[in-house]
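Me: Please take a close look at one part of the structure below, namely the aromatic pairing and its surroundings. Set it in the context of the whole chain, and keep it plain.

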Amino acid sequence: MVVMGVAGTGKTTVGRLLAARLGLPYAEGDAFHPAGNVAKMSAGHPLDDADRWPWLDAVGEWIRNRAGTGGGVIAASSLKRAYRDRLRAAAPGVVFVHLTGERQLIEERMAARKGHFMPATLLESQFATLEPLQEDELGVSVDVAGSPEEVAERALAALGRMR
């Protein structure tokens, strides 16, 4: 399962909650970025597709390696359909949980977070890049309003309705 969305939606927090509730391992997608990507984002520059391909391949490998072990949960922005297609090529059964919400709420959360390399100034580029899940993609969209626990519960309920 990939917990996706723009920066500040709570991918890490909700992803960890989902993994714990499902008894699955969790991975932080940001940990798969090469140092050059982190430096670029830290400097306030958005990544382009060429920057993202190696990162997506590493995330896809982690997902693929979980396929025979019962699965896993990873937080990874996966903003474009092409990025999700690349992950699906590595692991065809991957399910996406798209965290969505009001822009003002996401901006407030992004401004309040501490210790993350992604500056709030890049949020605009994230929204500009975002291509929401399409009907033919395996996944659910979940609003991020409320507590992380409420968001995780809504995600689990939506995933349950998929079956």
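Reply: In this predicted model, the order of elements along the sequence is β-α-β-α-α-β-α-β-α-α-β-α. That pattern is made up of seven helices and five strands.

The aromatic pairing comes next. Searching the whole structure turns up one aromatic pair. Its members are W53 and Y83, arranged edge-to-face, with 5.6 Å from centre to centre and 85° between the planes. An angle over 60 degrees is what counts as edge-to-face, so the 85° of W53 and Y83 falls in that class. W53 belongs to helix α3 (residues 49–66) and Y83 to helix α4 (residues 81–90), so the pair ties together parts that lie 30 residues apart in sequence. The two partners can also be described by their exposure. Y83 is buried, at a relative accessible area of 1%, whereas W53 is partly exposed, at 25%. The cut-off for buried is under 20%, which is why W53, at 25%, does not count as buried.

Two further residues of helix α3 fill in the surroundings. P54 is also found in helix α3 and is partly exposed, with a relative accessibility of 46%. In space, P54 lies 8.1 Å from P34, C-alpha to C-alpha, although 20 residues separate them in sequence. I63 has its place in helix α3 too, and this residue is buried, with a relative accessible area of 9%. Setting aside neighbours within four places in sequence, I63 is in contact with V2, I74, L87, A91 and V94. Of these contacts of I63, L87 falls within the range of residues 81–90 given for helix α4, and I74 falls within the range 73–75 of strand β3. The C-alpha atoms of I63 and D49 are 20 Å apart, with their positions 14 residues apart along the chain.

The loop that leads into helix α4 contains S78, which sits between β3 (73–75) and α4. Its relative accessibility is 0%, so S78 counts as buried. The backbone of S78 has a phi near 45°, a positive value in a residue that is not glycine. Most residues other than glycine have a negative phi.

For a view of another helix, take L17 in α1 (residues 11–22). L17 is partly exposed, with a relative accessible area of 25%. Beyond its neighbours within four places in sequence, L17 is in contact with P148, E149 and A152. The C-alpha atoms of L17 and A152 lie 6.5 Å apart, although 135 residues separate them in sequence.

Now the chain as a whole. Among contacts with a separation of 6 or more, 73% are between residues 24 or more positions apart. The radius of gyration is 15 Å, which agrees with the value near 15 Å for a compact globule of 163 residues. Along the principal axes, the C-alpha atoms fill a box of roughly 40 × 35 × 30 Å. Of the 163 residues, 42% are buried. The exposed area is about 7900 Å², and carbon and sulfur atoms supply 54% of that area. As for charge, the chain has 19 positive and 20 negative side chains, with 4 Å between the centres of the two sets.

Terms used
Residues numbered from 1 in each chain as written. Predicted model: local features only at pLDDT ≥ 70, side-chain atom pairs only at ≥ 80, totals over all residues. Heavy atoms only, no water. Phe/Tyr/Trp six-rings, centres within 6.5 Å; stacked < 30°, edge-to-face > 60°. Helix = DSSP H or I, 4+ residues; strand = E, 2+ residues; numbered from the N terminus. Buried < 20%, exposed > 50% of the residue type's maximum accessible area, 1.4 Å probe, protein only. Rg over C-alpha atoms; globule rule 2.2 N^0.38 Å. Contact = heavy atoms within 4.5 Å. Areas by Shrake-Rupley, 256 points an atom, 1.4 Å probe, with all protein chains shown as cover. Lys, Arg positive; Asp, Glu negative; His and termini not counted. Charge placed at Lys NZ, Arg CZ, Asp CG, Glu CD.
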